[in-house]
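Student: Could you go through this structure with me? I would like to learn how each label is earned.

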Amino acid sequence: MTKVISIPNIRNQNRRRTVPFICTYHLGIKIGRRLGERRVPQKGMPEYVDRYPGHLMVCMVAILFLGVLDAFFTLNILARGGEELNWVMAQLIEDSTQKFISFKLALTSMALILLIIHHNVRLTEKIRVWHIKYLILSGYTVLIGYELYLLKLAEFY
């Protein structure tokens, strides 16, 4: 007959430190170390990082800059007899151009912040959120090209 010795479990199961509501990581004073995924990702689970790659910030600044150019070119097209097709933006422009520009840039900025936070999240097996950001950048580039074309056409008439 074998004797069974019972050893009490005295390990601390909750080893994580409590994080205050606002800490140095949230304020951006202290930067985390994680650049990529820590482990093999579980299917369907989002993956978050502490630091973001430099090309992501270049993409975000470019999208914001193209958003500013879009607002500027839209107002120029409207001044030359164009028409705003987006009903919400048309109402804001009729009210005031300052409201239009503020709303447009605030909406773009908030969307970019959400896209930055969820940078590594997989939408499908091969598509991540950062693919969508580059798609938005190329779409804005095409839109700016089209607006420049419209402004060139307006010069001839």
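**From values to labels**

Tutor: Let's start with I63: its relative accessibility is 1%, and buried means under 20%, so I63 counts as buried. Keep in mind that this is a predicted model.

Student: Where is I63, and what does I63 touch?

Tutor: I63 sits in helix α2. Leaving aside residues up to four places away in sequence, I63 touches T108, L112, K133, I136, L137 and Y140.

Student: What makes these count as touching I63?

Tutor: Contact means heavy atoms within 4.5 Å, and I63 meets that rule with T108, L112, K133, I136, L137 and Y140. For K133, the sequence separation from I63 is 70 residues, while their C-alpha atoms are 8.7 Å apart.

Student: How far is G139 from I63 in sequence and in space?

Tutor: G139 and I63 are 76 residues apart in sequence, and 9.7 Å separates them from C-alpha to C-alpha. G139 belongs to helix α5.

Student: Why is G139 called partly exposed?

Tutor: The relative accessible area of G139 is 37%. Buried needs a value under 20% and exposed a value over 50%, so G139 falls in between and is partly exposed.

Student: What is the secondary structure of the whole protein?

Tutor: The protein has 5 helices and 0 strands. Starting at the N terminus, the order of elements is α-α-α-α-α. Of the 157 residues in the protein, 23% are buried.

Student: Why are D70 and K104 called a salt bridge?

Tutor: The closest N and O atoms of D70 and K104 are 2.7 Å apart. The limit is 4 Å between a side-chain nitrogen of Lys or Arg and a carboxyl oxygen of Asp or Glu, so this pair qualifies. D70 is in helix α2 (residues 54-79) and K104 in helix α4 (residues 97-117), so the salt bridge ties together parts that are 34 residues apart in sequence. Both D70 and K104 are buried.

Student: How many salt bridges does the structure hold?

Tutor: The structure holds 2 salt bridges. K99 forms one with D95, with 2.5 Å between the closest N and O atoms. That value is within 4 Å, so the pair passes the test.

Student: Are K99 and D95 buried, exposed or partly exposed?

Tutor: K99 has a relative accessible area of 44%, and D95 has one of 49%. Exposed needs over 50% and buried under 20%, so K99 and D95 are partly exposed.

Student: What makes F72 and F73 a tilted aromatic pair?

Tutor: The structure has 2 aromatic pairs by the rule used here. In the pair of F72 and F73, the ring centres lie 5.7 Å apart and the planes make an angle of 50 degrees. The centres are within 6.5 Å, and the angle is neither under 30 degrees nor over 60, so the pair is tilted. F72, at 48% relative accessibility, is partly exposed, whereas F73, at 11%, is buried.

Student: Why is the pair of W130 and Y134 called edge-to-face?

Tutor: W130 and Y134 have ring centres 6.2 Å apart and planes at 90 degrees. The distance is within 6.5 Å and the angle is over 60 degrees, so the label is edge-to-face. W130 and Y134 are 4 residues apart in helix α5 (residues 129-156), so about one helical turn separates them. W130 is partly exposed at 29%, and Y134 is partly exposed at 31%.

Student: How do you know that α4 is roughly antiparallel to α5?

Tutor: α4 and α5 pack at an angle of about 150 degrees, with 10 Å between their axes. Angles over 145 degrees count as roughly antiparallel, so α4 and α5 earn that label.

Student: Which residues of α4 and α5 meet?

Tutor: From α4, K104, T108, L115 and I116 meet V129, K133, I136 and Y140 of α5. By class, this contact has 5 nonpolar, 1 polar and 2 charged residues.

Methods: Residues are numbered from 1 along each chain as its sequence is written. This is a predicted model: local features need pLDDT of at least 70, side-chain atom pairs count only at pLDDT 80 or more; totals for chains, interfaces and linings use all residues. Side-chain values use heavy atoms; hydrogens and water are left out. Helices (H or I, at least four residues) and strands (E, at least two) are DSSP runs, numbered from the N terminus. Buried means under 20% relative accessible area, exposed over 50%, partly exposed in between (1.4 Å probe, protein chains only). Rings of Phe, Tyr and Trp (its six-membered ring) pair if their centres lie within 6.5 Å; planes under 30 degrees apart count as stacked, over 60 as edge-to-face and the rest as tilted. Axes are lines fitted to C-alpha atoms, for helices over the stretch in contact, and angles run from 0 to 180 degrees between N-to-C directions. Angles under 35 degrees count as roughly parallel, over 145 as roughly antiparallel, 65 to 115 as roughly perpendicular and the rest as oblique. Ala, Val, Leu, Ile, Met, Phe, Trp, Tyr, Cys and Pro count as nonpolar, Asp, Glu, Lys and Arg as charged, and the others, Gly among them, as polar.
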